[in-house]
Amino acid sequence: MQPAFPYRLRGQQLWLSPHRCLYWEEERSLVLSDLHFGKTGHFRKAGIAVPQSVYREDLLRLLSLIQYFQPKQLVVVGDLFHSRENKELDLFLRWREDFPVLGIRLVMGNHDILRADWYEKAGIEVQEGILRMGEFAFVHDIEDAEGGSGDAGEDGCYHFSGHLHPGIRINGMGKQSLQFPCFYFGREYAILPAFGQFTGTVSIDPGVESNVFAILPQARRERRPASIFQIR
């Protein structure tokens with residue numbers, strides 16, 4: 001497991017993982033967004049050939065993160081699942097049986113459309129709208145935060161969101177450029193990278209007071225692990 005990058009925010013210690021999630025030390029919470037579990041199965045049902053290995057790799061990556069950080073709970077900032085039930089979600093239920101005491105708190109995203117009894121069977125606590133935990137608040141789409149557009153509102157909480165699958169473009173020599181998933185930290189809110197591998201990225205334009213951390217992928221041929229690189 002590659003080391004995480006330390007980041008202090010409002011007196012709280014966060015650890016940014018190159019595996020597209022963060023660990024909140026004081027609350028022993030692994031925070032992640034946009035896993036889109038079941039998406040590959042959804043595409044296969046539509047006749048689009050997507051290997052199930054992508055989904056299995058995401059589950060194994062999550063397993064490794066749980067073993068590494070030893071969290072007491074997962075805080076999922078929306079889109080844990082992608083669509084209706086399919087065989088891949090049966091695999092998730094079997095995976096869930098290996099962690100009976102691990103709490104899972106899900107802030108509902110636009111893709112989380114399963115029946116209420118399914119979430120209950122999976123041991124998932126569902127939160128509509130905004131989940132507040134001390135200094136922090138969690139909402140799937142930052143536009144849904146109080147005051148709109150990430151305004152912390154009267155409660156003064158710092159918001160964490162997902163939904164956008166943020167990416168940052170890095171320009172090289174000449175006209176070369178690459179776009180990488182990233183963590184975005186603005187003055188009032190953060191946008192988390194999509195955890196799922198089978199997702200794209202949307203280029204963001206960092207604000208003046210923002211901090212951005214690009215996630216550089218693993219280069220297996222060079223035996224270089226995934227890593228975090230601070231852009232600004």
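This passage describes the largest pocket and the aromatic contacts of a predicted model. Local features were taken at pLDDT of at least 70 and side-chain atom pairs at pLDDT 80 or more, whereas totals for chains, interfaces and linings use all residues. Residues are numbered from 1 along each chain as its sequence is written, and side-chain values use heavy atoms, without hydrogens and water.

The largest pocket (on a 1 Å grid over the protein atoms alone, an open set of points with protein on both sides within 12 Å along at least five of seven lines) has a volume of about 480 Å³. Its lining (residues with an atom within 4 Å of a point) comprises 16 residues, and His-19, Arg-61, Gln-197, Gln-218 and Ala-226 lie nearest the centre. Seven of the lining residues are nonpolar, five polar and four charged. Helix α2 (53–69) and strand β12 (177–185) each supply at least two lining residues, with α2 giving the most, three. Arg-61 also lies over the face of Phe-195, 4.0 Å from the ring centre (criterion: CZ of Arg within 6 Å of the ring centre and within 35 degrees of the ring normal).

Across the whole structure, 22 aromatic pairs were found (ring centres within 6.5 Å). In one of them, Tyr-23 and Phe-69 are stacked (planes under 30 degrees apart), at 4.9 Å centre to centre and 20° between the planes. This pair joins strand β3 (residues 21–24), which holds Tyr-23, to helix α2, which holds Phe-69, 46 residues apart. Both residues, Tyr-23 and Phe-69, are buried (under 20% relative accessible area, 1.4 Å probe, protein chains only). One aromatic cluster is formed by Phe-5, Tyr-7, Trp-24, Phe-136, Phe-138, Tyr-158, Phe-160, Phe-185 and Phe-213.

How values were computed
On a 1 Å grid over the protein atoms alone, a cavity is a set of points where a 1.4 Å probe fits but cannot get out, and a pocket is an open set with protein on both sides within 12 Å along at least five of seven lines; lining residues have an atom within 4 Å of a point. Grid points are joined across faces, edges and corners, and a volume is the space filled by probe spheres set on the points. Helices (H or I, at least four residues) and strands (E, at least two) are DSSP runs, numbered from the N terminus. Ala, Val, Leu, Ile, Met, Phe, Trp, Tyr, Cys and Pro count as nonpolar, Asp, Glu, Lys and Arg as charged, and the others, Gly among them, as polar. Rings of Phe, Tyr and Trp (its six-membered ring) pair if their centres lie within 6.5 Å; planes under 30 degrees apart count as stacked, over 60 as edge-to-face and the rest as tilted. Buried means under 20% relative accessible area, exposed over 50%, partly exposed in between (1.4 Å probe, protein chains only).
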